[in-house]
Amino acid sequence: MKVGLIYYGGQYNHLILKNLKYLGVEVEVVNINADVEYAKKFDCMIFSGGPYSVDQEISKMGNSPLFVKELSVPKLGICLGHQLLAYVLGGKVGKANNPEFGLARITIDDHDTILQGLKKEFNAWESHNDEVKEVPPGFFAIAHSENTKVEAMVNKDSSIFGVQFHPEVKHTEDGIEIFKNFLTVCKK
């Protein structure tokens with residue numbers, strides 16, 4: 001299995017790579033301007049965090065919207081990546097009423113595939129000004145926090161996932177389990 005990892009200049013990107021290598025996965029950082037044909041060689045894709053606002057700066061994200069639309073592989077969006085998936089697939093993204101920085105308490109509403117095995121409530125690391133306001137058609141919100149109603153989402157066939165928080169950061173309880181759950185989907 002080979003995972004493509006899209007970097008957007010976020011401060012925790014290297015930790016995603018570290019976690020995947022720890023789990024024994026072959027992973028390659030993919031340039032945002034890579035050709036869609038090149039990206040088709042991956043079994044799944046992870047879209048990382050970064051400093052952009054997708055509703056205003058989508059042009060700075062290269063071919064990422066095409067990767068979202070045209071690659072028929074499992075996808076995981078983290079923070080900005082979560083927002084990108086929602087935006088490109090028809091959801092609504094905007095400025096958070098209460099941006100979150102630091103630890104937040106996440107409540108799971110549905111232990112879907114990506115959140116399988118996690119506690120009903122857990123602490124997670126947040127770093128965002130924007131948030132998913134409305135999930136795309138065919139998606140469901142599966143976790144929330146006090147300030148963010150869509151902390152995690154999944155599509156109806158459990159192949160596209162987004163999390164607003166950062167599972168790669170050690171402050172997120174059992175964050176490695178989210179990566180394990182995603183990789184299980186990638187293997188199918």
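These legends go with close-up views of a predicted model.

**View 1. The disulfide of C44 and C186.** Let's begin with the two cysteines that pair up: the sulfur atoms of C44 and C186 sit 2.4 Å apart and form a disulfide. The count for this model comes to 1 disulfide. If you like dihedrals, the S-S bond here has 110 degrees about it, and the link is right-handed.

**View 2. Where the C44 and C186 link joins the chain.** C44 belongs to strand 3 (residues 44–47), while C186 belongs to helix 6 (residues 175–187). The two cysteines are 142 residues apart, so the pair links distant parts of the chain. Both C44 and C186 are buried.

**View 3. C79, a cysteine in no disulfide.** Which cysteine sulfur is nearest to that of C79? It is the sulfur of C44, 20 Å away, and C79 takes part in no disulfide. A disulfide needs sulfur atoms within 2.5 Å. C79 is also buried, with a relative accessible area of 4%.

**View 4. The largest pocket and its centre.** Here you can look into about 270 Å³ of space, the volume of the largest pocket. Its lining is made of 20 residues, and C79 appears again among those nearest the centre, together with G50, P51, S127 and H128.

**View 5. What lines the largest pocket.** Helix 5 (80–88) and strand 6 (121–134) each bring at least two residues to the lining. Strand 6 gives the most, with 4 residues. Sorted by class, the lining holds 12 polar, 6 nonpolar and 2 charged residues.

Conventions: Residues are numbered from 1 along each chain as its sequence is written. This is a predicted model: local features need pLDDT of at least 70, side-chain atom pairs count only at pLDDT 80 or more; totals for chains, interfaces and linings use all residues. Side-chain values use heavy atoms; hydrogens and water are left out. Buried means under 20% relative accessible area, exposed over 50%, partly exposed in between (1.4 Å probe, protein chains only). On a 1 Å grid over the protein atoms alone, a cavity is a set of points where a 1.4 Å probe fits but cannot get out, and a pocket is an open set with protein on both sides within 12 Å along at least five of seven lines; lining residues have an atom within 4 Å of a point. Grid points are joined across faces, edges and corners, and a volume is the space filled by probe spheres set on the points. Ala, Val, Leu, Ile, Met, Phe, Trp, Tyr, Cys and Pro count as nonpolar, Asp, Glu, Lys and Arg as charged, and the others, Gly among them, as polar.
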